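Biologist: Could you walk me through reading an interface between two chains? I'd like the general idea each time, then the case at hand.

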Amino acid sequence: MTNSRSPANRTPEIGSFFPRDRNWHPPAFTPAYKTSVLRSPQRPLLSLDNTLSELTGPVFGQSILGELDNDLIHNFAGPGESAIGSRILVYGRLLDERGIGVAGALLEVWQANAGGRYRHKKETYRAPLDPNFGGCGRAITGEDGSYCFRTIQPGPYPWPNGPNDWRPAHIHFSIFGHGFAQRLITQMYFEGDPMIWRCPIVRTINDRRAIEGLTAALDMEATIPMDARAYKFDIVLRGRRSTLFENRIEGN
Amino acid sequence: MVQALGRLKESASQTAGPYVHIGLTPNFAGISGVYECDLGTAMVNDKTRGERIRVNIRVIDGAGSPLNDALVEIWQADAAGIYNSPSDLRGSADPNFTGWGRLPTDMTTGECLFETIKPGRVPFFDGRKMAPHLTVWIVARGINIGLHTRMYFGDEETANAEDPVLMRIEQKERVSTLVAPRDGDIYKFDIHLQGINETVFFDI
Ligand SMILES: [Fe+2]
């Protein structure tokens, strides 16, 4: 991170971010997702315009990345081995609410294996571990906000909430933008999965369109023949005000 | 009809869940060999300028139990009050200080301990100086959207008293939920998700 400056030809933007639409995001208190009951703040949030503390944020250079970081099929596998499962590419663009690509942003992903099992000590599902699958990957977006991962399609899994709740197949995404106010964690779902609409975590979101916005589309034009199918997943971060007219505040 | 603004909607948040460590701190989760080290564990090195401090953070639920599966990130200015970010146009930050840290809370004690430096003061958008502070962001199972808050320093009474953000808090008794008391070189910051001591969280 010591060499974290963006390429010299990219002028950083410093306008404040559009406010979050809190009706679009899930509320904190969602009793059908039981763990939220004791973990949801109850007082109103303090609303505030962005200060430098939120307009700025860490930026990571390509130097942190290893060659296989965005290849979950191989990044944990033994020599000559690969993870078991339906091979897919997950690709798309990181955009902001203005539709502008967000360049140089770190994306981190994690997921269960093809059987729906996580490599984690708190995991209790009986599906087996895959010795060649770790479940994490990361990438940094290109100049137009584009990114790509190679992985296997994760399986659905049961979880302790209701008597018989199962998560739809999903990939967790953690996203840094250019300012810390854009920090976001979300999940990607797969087109056509009947488990999506039954899931209490998905249903913490009230607006159907917001759920559809987390559902990746199968893209048969982007497949690799005899190797992998492709899912396209665009991610949108908060937009920021463009400085059309300079409004310099005295003292800055 | 009028022209469409053509704006997109921000992707909706979803919980980080119980397995967040796999993605964000895989070495902590026992997944070694994929990344050399977990990002955000080292904020300082031998050459970092400023006063060395440690910050002990716990996140406490509505039943009074510390979360043993949370993930905490902090973001702060360097000792001179400059952020190590391309978006800070006021100057170059200390190259030996990242400004950003990330730790999981301990699976037994629920604590995490950041080794960092005390930040300098940063201007508010109207030019007044804010008191030294850390931006704190918390995700965990059961938290549907990451929680933003701030930690201020207990030994900065004067600066805290004139901080434009703290002054915005209507219920003055709640200001103390953002101020961490100092004990030696450790500041102890307990974040209460609920209850009479509920921490002030920000929509920012
Ligand atoms: Fe999951």
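Modeller: Sure, and keep in mind that this is a predicted model. Begin with who touches whom: chain B puts 83 residues into the contact and chain A puts in 95.

Biologist: How much area is buried between chain B and chain A, and what share comes from carbon and sulfur atoms?

Modeller: About 8100 Å² is buried between the two chains, with carbon and sulfur atoms giving 58%. On chain B's side, B:E10, B:Q14 and B:Y19 supply 11% of the area that chain B buries against chain A, more than any other three residues.

Biologist: Next, charges. How many salt bridges does the rule find across the interface of chain B and chain A?

Modeller: The rule is a Lys or Arg side-chain nitrogen within 4 Å of a carboxyl oxygen of Asp or Glu. Across this interface it finds seven, while a search over all chains gives 28. One case is B:D203 with A:R22, at 2.9 Å from N to O. Another is A:R39 with B:D69, at 3.1 Å. A:R39 sits in the segment before β1 of chain A and B:D69 in the loop between β1 (52-60) and β2 of chain B, so this pair joins two chains.

Biologist: And how many residue pairs are in polar contact across the interface?

Modeller: There are 48 such pairs, with both residues at pLDDT 80 or more. As for where chain B's side comes from, the elements giving two or more residues are α1 (20-24), β2 (71-75), β3 (100-104), β5 (133-139), β6 (147-153) and β10 (202-203) of chain B. The largest share, five residues, comes from α1(B). By residue type, the side of chain B that touches chain A divides into 42 nonpolar, 25 polar and 16 charged.

Biologist: Which strand of chain A is joined to β10(B), and do the two run parallel or antiparallel?

Modeller: For strands, look at the bridges and the direction. Strand β1 (residues 46-47) of chain A is joined to β10(B) by two bridges, and the strands run parallel. To find the spot on screen, look for A:L46, which stands opposite B:F202 in β10(B).

Biologist: Now a sheet within one chain. What is the strand order of the open sheet in chain B?

Modeller: Read the order from one edge to the other: the four strands go β4-β1-β9-β8 (chain B), and the pairing is mixed. The edges are β4 (111-117) and β8 (182-183) of chain B, each pairing on one side only. Take one pair: β1(B) and β4(B) are antiparallel over seven bridges. There, B:I57 stands opposite B:C112 in β4(B).

Biologist: Last one, annotations. Where does UniProt place the feature "domain: Intradiol ring-cleavage dioxygenases" in chain B?

Modeller: The unreviewed UniProt entry places that feature at residues 42-195 of chain B. The model lets you describe the span: 3% helix and 33% strand, with the end C-alpha atoms 33 Å apart. For chain A, the UniProt annotation of that name, also from an unreviewed entry, covers residues 90-118. That span is 0% helix and 41% strand, and its end C-alpha atoms are 19 Å apart.

Terms used
Residues are numbered from 1 along each chain as its sequence is written. Chains are lettered from A and ligands numbered from 1 in the order in which they are written. This is a predicted model: local features need pLDDT of at least 70, side-chain atom pairs count only at pLDDT 80 or more; totals for chains, interfaces and linings use all residues. Side-chain values use heavy atoms; hydrogens and water are left out. UniProt positions are given in the numbering used here, feature names are shortened, and annotations may be inferred rather than shown by experiment. Contact means heavy atoms within 4.5 Å. Buried area is the accessible area (1.4 Å probe) that two parts lose on being put together, summed over both. A polar contact is a pair of N or O atoms within 3.5 Å; within protein, one must be able to donate a hydrogen and the other to accept it, and residues adjacent in sequence count only if both atoms are side-chain atoms. Ala, Val, Leu, Ile, Met, Phe, Trp, Tyr, Cys and Pro count as nonpolar, Asp, Glu, Lys and Arg as charged, and the others, Gly among them, as polar. Two strands pair if DSSP finds at least two bridges between them.
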